[in-house]
Amino acid sequence: MTELAAPVRASVAAPVPGAGGVAPAARGRGAATSGPAEADWSAAVAAIREHAPAGRVLLICHVNPDGDALGSMLGFGLGLRRMGVSQVQATFPGEFEVPEPFVALPGMDLLVPEPQAYPDPDLVIVFDVAAESRLGGLVDRLAPAKAAVVLDHHASNTGFGGINLVDAEAAATSVVAEELLSRLGVPLDAGIAECLYVALATDTGSFKFDMTTPRVHEMAARLIATGIRPGDISRRIFDTRPFGAMKLFAEVLARAALDPTAAGGHGMVWTHVTQADLERHGQRPYVMDALIDPVRTVAEADVAVLVKQLGEAEWAVSLRSKGAVDVSAVAVAMGGGGHRLAAGFTGYGTPGDVVVAVREKLDQFLI
Ligand code: AMP
Ligand code: MN
Ligand code: MN
């Protein structure tokens, strides 16, 4: 569920938008190495001012949405409402199930299942999506729209939008969303702030990961100043799960294996969780996402791998590194994506097949 962004510049003040970045001309597809260019911010603001007030606006985040995907999308949607935009929907591809920790997010009434999403929106805004493959069938909504704006922070973003606001140094997509709301003149309120805070807290692992910069805490301070309750929010998002999930965790962690010689001697720890495990404990698939966190605490392994069953021989694979390996390179080589220290892909065969494939790739991508 959590994500790590690319290495973060040590900025001490709120960044000057567009300053110090790569010249717009140098920022081609797939070359998102710094914040959005000033021209892209202006284009996004102009597109929203032109098409949102009287048009149908469709917000889309990635399949199997996490806290950043949902939080940045719903927070921005509430901001559009504050601007007086009346036709706003938010959606994501695939099965319409919101993980339990996020069902109480403000703005949930903006959400509609994929089949009910406007077939012909005037404006599409996409959140936390690095590549079109993460949009499933909703990718069809982009071409007919008068404008398609992408807000993201994955270094691997392919630049698939008409207007791409990609900041690979941002800790979460909600950092980009907050900046865009500010440029639109929308003030933060508690509802918007709660959504953006959940996104920021999720992607920084509760403000624990390396990209927890002054910029991150400055944004958190602005959000908390609206009156939201960080303690309540954190308990709901990170520290609450059903009893059955705890029992499931115990079983899955008990079957973990460690090889300190893998990844060039940096070590690898792995485990897997099946649909049958979920059924036995009466749990929904989203609970599997939090399992990577205890696995990655293992001292003897730089790399942690969690293999989660999607279908008969299909697995969602989560990869984490403490720094010795660029796991996004491994994930990309396996057809997936992500960040340097947190990435994923879809694997096939048995869990053993998937783990062998990861082990083989790991040695190639030692940092
Ligand atoms: P997860 O392990 O699911 O928390 O994902 C970690 C990171 O990898 C996130 O940035 C995801 O966006 C990315 N990721 C996970 N699975 C995939 C995939 N199948 N394709 C592309 N990116 C992925
Ligand atoms: Mn995400
Ligand atoms: Mn994110």
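**Two sheets, two domains and the pocket they line**

In this predicted model, strand β11 makes the largest contribution to the lining of the largest pocket, supplying 5 residues. The pocket itself holds about 1,300 Å³ of space. Besides β11 (342–348), the elements that put two or more residues into its lining are β8 (303–311), β9 (314–321) and β10 (337–338). The lining counts 46 residues, and those nearest the pocket centre are His62, Val63, Asn64, Arg134 and Ala316. By residue type, the lining splits into 18 nonpolar, 18 polar and 10 charged. Both domains take part: domain 1 (38–238) and domain 2 (243–365) each give at least three residues to the lining.

So much for the pocket; next come the domains. The protein chain is split into domain 1, covering 38–238, and domain 2, covering 243–365. Their C-alpha centres sit 27 Å apart. Where the two meet, 10 residues on the domain 1 side are in contact with 7 residues on the domain 2 side.

One of the sheets is an open one with 5 strands, which line up as β2-β1-β3-β4-β5 with parallel pairing. Its edges are taken by β2 (88–91) and β5 (163–166); each has a single partner strand, so one side of each has no neighbour in the sheet. On average, and ignoring direction, neighbouring strands here are turned by 15° against each other. Further in, β1 (residues 57–61) runs parallel to β3 (residues 123–127), and 5 bridges join the pair. Within that pairing, Leu59 has Ile125 of β3 as its bridge partner.

Helices pack against this sheet too. Helix α1 (residues 38–51) lies across β3, β4 (147–152) and β5, and runs at about 125° to β5. Helix α2 (residues 67–82) also packs on the sheet, where it touches β1, β2 and β3, with its direction at about 165° to that of β1.

Then there is an open sheet of 6 strands, ordered β6-β7-β8-β9-β11-β10, and here the pairing is mixed. The edge strands are β6 (257–259) and β10, and because each has a single partner strand, one side of each is left without a neighbour in the sheet. At the β10 end, β10 pairs with β11 in the antiparallel sense over 2 bridges, and Gly337 finds its bridge partner in Gly344 of β11. A helix covers this sheet as well: α11 (residues 351–362) lies across β6, β7 (268–273), β8, β9 and β11, running at about 155° to β7.

Back at the pocket, the strands of the mixed sheet turn up again. β8, β9, β10 and β11 are the elements with two or more residues in the lining, and these strands follow one another in the sheet order as β8-β9-β11-β10. β11, which gives the largest share of the lining, is also among the strands that α11 lies across.

Terms used
Residues numbered from 1 in each chain as written. Chains lettered and ligands numbered in written order. Predicted model: local features only at pLDDT ≥ 70, side-chain atom pairs only at ≥ 80, totals over all residues. Heavy atoms only, no water. 1 Å grid on protein atoms, 1.4 Å probe; cavity = no way out; pocket = protein on both sides within 12 Å on 5 of 7 lines; lining within 4 Å. Points joined across faces, edges and corners; volume = space filled by probe spheres on them. Helix = DSSP H or I, 4+ residues; strand = E, 2+ residues; numbered from the N terminus. Nonpolar A, V, L, I, M, F, W, Y, C, P; charged D, E, K, R; others polar. Domains from an automatic or database assignment. Pairing = 2+ DSSP bridges. Axes fitted to C-alpha atoms, helices over the stretch in contact; angles between N-to-C directions. Contact = heavy atoms within 4.5 Å.
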